[in-house]
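Got your viewer open? Let's go for a walk through this one, one selection at a time.

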Amino acid sequence: MGDLELLLPGEAEVLVRGLCSFQLREMGSERWSKQHENLEKLNMQAILDATVSQGEPIQELLVTHGKIPTLVEELIAVEMWKQRVFPVLCRLEDFKPHNTFPIYMVVHHEASIINLLETVFFHKEVCESADDKVLDLVDYCHRKLIMLVARTSCGDPSEEEQSQDSTPMQELQKQAEMMEFEISLKALSVLRYITDCVDSLSLSTLNRMLSTHNLPCLLVELLEHSPWCRREGGKLQQFENGRWQTVAPSEQQRLSKLDGQVWITLYNLLLSPEAQARYCLTSFVKGQLLKLQAFLTDTLLDQLPNLADLKGFLAHLALAETHPPKKDLVLEQIPEIWDRLERENKGKWQAIAKHQLQHVFSPSEQDLRRQAQRWAETYRLDVLEAIAPERPRCAYCNSEASKRCSRCQSVWYCCRDCQVKHWEKHGQTCVLAAQGDRAK
């Protein structure tokens, strides 16, 4: 695993074997929180393993113990909690938590799981081990891509809107919205890795991607709008490594990682024999796909030479006749996790929110200190620094930072002034984390 290890092999196996699914009302509970912490440890260890390229035991353990379907189920469960329960919780008049970090852990849970799946799905055997749950994962990724396309029509909140005074719960909602964007980008990468296995996917999965969701046309929309790019003050910015970064003029022709993921996914879906046999090229589909010709410049082909085959496919498509939609009778599997969870919890959203208000998200000071101690043990600074893609950023202004908070040692600042301005939001969590660290 390399010089830096968060988990020993035996510990990792124990954590993987213990992974299980939870009901929506259990999210945030003590047992659920322990699994969340275990997932974070597995997530960080998987990134460490991938970084040093010395074998990837986390991926192997997840496959060996059949836990990829469990991760998919947990992913969709927390997605549903965020859509159905979290808004109800925010509207409860008697819910005024002194500390929102326990709720933040549940909101962040989806990001933790999709990040782990992105890391391990690079390997074909992981996709195969998902079994029929790959259908649910395809649907999940489709929902996230729809959100990315919708995002381009409403734009990003301005810096002024983000910095306005707000209550802790309003601030948490803003953080959840920002996190949703990053989760959707991770889902795009997971979808690309699924299409890398297109030759071994079931007919039901192929039909779901090509006929039910028409993913190639959706991907064309993404390329047209590129929600991970924007103009600020006349400068081009790209979202990379968790933040918006200004692109130098000399680098603007360079293919971004996210654009590359879209192109590879399109290549897999349009040029594989298995997909071509299932995809019905109607006049609408033809019109959408031919929009890609404008993007296939020599500069792009120099960076992704395989796209020359896609360019040839589109040239042939421009001359080919279209066909009406097929009306074959097909027996196929359908995703079941989302529908099952909705059936089980229909009409119970308010009751779940009130239960969690009373028993989960109103912890005592002692409970918070105990949680803070576990957080300090989970988020080891040496590991966080090792997996960070770049230098730390200031928690207040997002500039490059060189100084840590002296109490908790986990939040970074560029200067004393930013630390003072951020203290109102950071203070209580900082004190609890420091107390938990001293209690060890």
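Start by selecting Arg143 and Trp338: the charged end of Arg143 sits over the ring of Trp338, 4.6 Å from its centre. Keep in mind as you click around that this is a predicted model. Next, pick Arg151 and Phe181, where Arg151 lies over the face of the Phe181 ring, 3.9 Å from the ring centre.

Now zoom out for a moment. The protein chain has 440 residues, and 49% of them count as buried. Colour by secondary structure and you'll be looking at 21 helices and five strands.

On to the rings. The whole structure holds eight aromatic pairs. Select Trp81 and Phe86, one stacked pair, with 5.7 Å from centre to centre and 25° between the planes. Both Trp81 and Phe86 are buried. Add Phe361 to your selection, and you have one aromatic cluster made of Trp81, Phe86 and Phe361.

For another arrangement, jump to Phe239 and Trp244. Their planes are at 75° and their centres 5.3 Å apart, so this pair is edge-to-face. Phe239 is buried, at 11% relative accessible area, and Trp244 is buried too, at 17%.

Which residues touch the most other members of the largest nonpolar core? Select Trp81, Phe121, Leu137 and Trp263, out of 113 residues in that core. Apart from it lies another core of seven residues, including Ala401 and Cys418.

Last stop: helix α18, residues 349-359. Its buried residues include Trp349, Ile352 and Leu357. Show α4 (68-91) and α17 (337-345) as well, since the buried residues of α18 pack against them.

Note on methods
Residues are numbered from 1 along each chain as its sequence is written. This is a predicted model: local features need pLDDT of at least 70, side-chain atom pairs count only at pLDDT 80 or more; totals for chains, interfaces and linings use all residues. Side-chain values use heavy atoms; hydrogens and water are left out. Buried means under 20% relative accessible area, exposed over 50%, partly exposed in between (1.4 Å probe, protein chains only). Helices (H or I, at least four residues) and strands (E, at least two) are DSSP runs, numbered from the N terminus. Contact means heavy atoms within 4.5 Å. A nonpolar core is a set of buried Ala, Val, Leu, Ile, Met, Phe, Trp, Tyr and Cys residues joined through side-chain atoms within 4.5 Å. Rings of Phe, Tyr and Trp (its six-membered ring) pair if their centres lie within 6.5 Å; planes under 30 degrees apart count as stacked, over 60 as edge-to-face and the rest as tilted. A charge sits over a ring if NZ of Lys or CZ of Arg is within 6 Å of the ring centre and within 35 degrees of the ring normal.
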